[in-house]
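Work through the exercises below with the sequence and the 3D view side by side. Try each task before you read its solution.

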Amino acid sequence: MHVKKSIGAAVCLLLGVIVATLMADREANPPDPARETMAANGEQIQESTGIFQWNDKEVRSVEWEGRNQSWILQRQPAATEESMLRGGWLLNGSELPVSQAESRIRKLRELGKEGGTRRTSTLSHEVIVGTITVTLSGLKKEPEVYLIAVEPDHPEQVWILRSGDPLAYLVSKDAYLELEQLQ
């Protein structure tokens with residue numbers, strides 16, 4: 001009986017610490033009303049700082065699987081990491097000038113900064129229309145996979161989702177389609 005009371009007290013104490021930590025974080029980082037807008041369905045959207053947080057020099061490959069087009073951008077194999085940074089690029093297996101590859105990567109990274117964010121759980125009946133898979137050099141060898149989603153009631157809004165991230169990132173549909181069509 002005494003052990004059950006001790007466990008119950010420990011659980012209550014732990015829950016209290018968790019709640020206090022969450023409340024302190026919310027007070028230290030309150031929502032910024034100047035950065036908030038409304039989605040088409042009235043859901044509050046927070047201004048985005050961007051979903052793609054990589055250094056462009058770390059990108060080894062980008063695989064775009066869209067509804068209308070698919071493409072693969074990858075660095076040409078290099079003997080050393082240093083030569084990889086200066087090396088060329090392939091788009092669907094054909095050589096691509098470095099400036100065009102870097103422009104495409106920059107456009108992709110900036111795509112996630114154009115809109116706002118909202119909680120992924122508030123999306124309504126979203127349909128996945130594509131994926132973006134990014135492989136980075138360095139210690140992280142697992143590719144980052146992003147899902148592209150739209151809500152049937154608001155097809156003009158395109159959202160990017162990342163596994164484990166509670167936020168959905170709104171992106172410009174025109175910029176998304178332009179990037180998808182690049183060949």
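**Exercise 1. Find which element gives the largest share of the lining of the second largest pocket.**

Step 1. Begin with the answer: α4 gives the largest share, four residues. The model is a predicted one.

Step 2. Now place the pocket. Its lining consists of R67, N68, V129, V150, P155, V158, K173, Y176, L177 and E180. Two elements give two or more residues to this lining: β10 (154-162) and α4 (173-181).

Step 3. Add the volume. The second largest pocket holds about 150 Å³.

**Exercise 2. Describe the protein as a whole: its elements, its buried share and its exposed area.**

Step 1. Count the elements. There are four helices and eleven strands.

Step 2. Look at burial. The protein has 183 residues, and 33% of them count as buried.

Step 3. Turn to the surface. About 11,100 Å² is exposed, with 56% of it supplied by carbon and sulfur atoms.

Step 4. Check how the chain meets itself. Take the contacts with a separation of 6 or more: 57% of them join residues 24 or more positions apart.

**Exercise 3. Identify the residues that touch the most other members of the largest nonpolar core.**

Step 1. Recall a general tendency. In soluble globular proteins, nonpolar side chains tend to be buried together.

Step 2. Go to the core itself. The largest nonpolar core has 28 residues. W54, L73, L108, I132, V134 and I160 touch the most other members.

Step 3. Look for another core. A second, separate one has six residues, including L123, A149, W159 and L170.

Step 4. Zoom in on L73. Leave out residues up to four places away in sequence, and L73 touches R60, S61, V62, W89, L90, L91, L96, A101, R104 and I105.

**Exercise 4. Compare the salt bridges E102 with K57, R118 with E151 and D165 with R162.**

Step 1. Start with the total. The structure holds five salt bridges.

Step 2. Take E102 and K57. Their side chains meet at 3.6 Å, N to O. E102 sits in helix α3 (residues 98-111), while K57 sits in the loop between β2 (44-47) and β3 (59-65). The two are 45 residues apart, so this pair links distant parts of the chain. E102 is partly exposed at 33% relative accessibility. K57 is partly exposed too, at 43%.

Step 3. Take R118 and E151. Here the N to O distance is 3.3 Å. This pair also links distant parts of the chain: R118 is in strand β7 (residues 116-119), E151 is in strand β9 (residues 144-151), and 33 residues separate them. Both R118 and E151 are buried.

Step 4. Take D165 and R162. Their closest N and O atoms are 3.0 Å apart. D165 has a relative accessible area of 15%, so D165 counts as buried. R162 has 26% and is partly exposed.

**Exercise 5. Decide whether Y169 and E144 are buried or exposed, and place each one.**

Step 1. Apply the cut-off. Buried means under 20% relative accessible area.

Step 2. Test Y169. Its relative accessible area is 7%, so Y169 is buried. Y169 lies in strand β11 (residues 167-171). Its C-alpha atom is 6.0 Å from that of G116, 53 residues apart along the chain.

Step 3. Test E144. Its relative accessibility is 16%, so E144 is buried. E144 belongs to strand β9. The C-alpha atoms of E144 and F52 are separated by 9.7 Å, with their positions 92 residues apart along the chain. Not counting residues up to four places away in sequence, E144 touches I132, T133, V134 and L136.

**Exercise 6. Explain what stands out in the phi of N92 and of H125.**

Step 1. Recall the general rule. Most residues other than glycine have a negative phi.

Step 2. Examine N92. Its phi is positive, about 55°, although N92 is not a glycine. N92 is in the loop between β5 (89-91) and β6 (94-96). At 41% relative accessibility, N92 is partly exposed.

Step 3. Examine H125. Its phi is also positive, about 55°, and H125 is not a glycine. H125 is in the loop between β7 and β8 (127-136). Its relative accessible area is 65%, so H125 counts as exposed.

Technical notes: Residues are numbered from 1 along each chain as its sequence is written. This is a predicted model: local features need pLDDT of at least 70, side-chain atom pairs count only at pLDDT 80 or more; totals for chains, interfaces and linings use all residues. Side-chain values use heavy atoms; hydrogens and water are left out. A nonpolar core is a set of buried Ala, Val, Leu, Ile, Met, Phe, Trp, Tyr and Cys residues joined through side-chain atoms within 4.5 Å. Buried means under 20% relative accessible area, exposed over 50%, partly exposed in between (1.4 Å probe, protein chains only). Contact means heavy atoms within 4.5 Å. Accessible areas come from the Shrake-Rupley method with a 1.4 Å probe; for residues, only the protein chains shown count as cover. A salt bridge is a side-chain nitrogen of Lys or Arg within 4 Å of a carboxyl oxygen of Asp or Glu. On a 1 Å grid over the protein atoms alone, a cavity is a set of points where a 1.4 Å probe fits but cannot get out, and a pocket is an open set with protein on both sides within 12 Å along at least five of seven lines; lining residues have an atom within 4 Å of a point. Grid points are joined across faces, edges and corners, and a volume is the space filled by probe spheres set on the points.
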